[in-house]
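Reader: Please take a close look at one part of this structure for me, the loop that follows one of the sheet strands, and set it against the sheet and the core. I would like a single connected account.

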Amino acid sequence: MNFTPDPELPEKPEATSINSLNWTYVMDDSGLPEGGMAPVYPLGVNVLLARVGGAIYAVSGKCAHMACPLFTGRLEGYTVVCPCHDWRFDVRTGRFLDAPELGLTAYPTKFEGGKLFVSLG
Ligand code: FES
């Protein structure tokens, strides 16, 4: 899949200090292939993971419209498309592409020792 990153968007959600965040293990790195999505539940929170361009992104797993599970949608480049009514969100920021004032919560992620971690902040 070919896509061009939007130069106005950051590659990943900014973490002010990566060492000050509380990290929760969510899955092994090998479990999420390029272009794939997976639901995970760190500390019981519904989170969607997506791997694009080798990077891992994490956003809230329920659609901001009517809470449909986003992992059952489609990933098109950096865009996750909700399976229920086709709302589109940028997995890098959580931003709803048709109304930037709406969106999903985006969470910092990291790799360590072949494992993926999410920080809920
Ligand atoms: S629930 Fe996702 S677009 Fe409606």
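**The loop after E4 and its surroundings**

Author: In this predicted model, Met-66 lies in the loop that runs between strand E4 and strand E5, the latter spanning residues 74–76. Met-66 counts as exposed because its surroundings hold just 10 other C-beta atoms within 10 Å, and the cut-off for an exposed residue is 12 or fewer. Along the chain Met-66 and Cys-84 are 18 residues apart, while 8.5 Å separates their C-alpha atoms.

The strand before this loop, E4, covers residues 55–60 and pairs with E8 in the antiparallel sense over 2 bridges; in one bridge, Ala-58 has Tyr-107 of E8 as its partner. Both strands belong to an open sheet of 4 strands, ordered E2-E3-E4-E8, with antiparallel pairing. Strand E2 (37–40) and strand E8 (106–107) stand at its edges, and since each has a single partner strand, one side of each is left without a neighbour in the sheet.

Ala-58 also belongs to the largest nonpolar core, which has 27 residues, and is among the members that touch the most others, together with Leu-48, Leu-49, Ala-50, Val-59, Val-80 and Val-91. At least two residues of this core come from each of E2, E3, E4, E8 and E10, and E3 gives the most, with 5 residues. Val-80, setting aside residues up to four places away in sequence, touches Met-37, Leu-48, Ala-50, Leu-70, Gly-73, Leu-75, Phe-89 and Val-91.

Conventions
Residues numbered from 1 in each chain as written. Predicted model: local features only at pLDDT ≥ 70, side-chain atom pairs only at ≥ 80, totals over all residues. Pairing = 2+ DSSP bridges. Buried ≥ 20, exposed ≤ 12 C-beta atoms within 10 Å, placed from the backbone. Core = buried A, V, L, I, M, F, W, Y, C linked by C-beta atoms within 7 Å. Contact = placed C-beta atoms within 7 Å.
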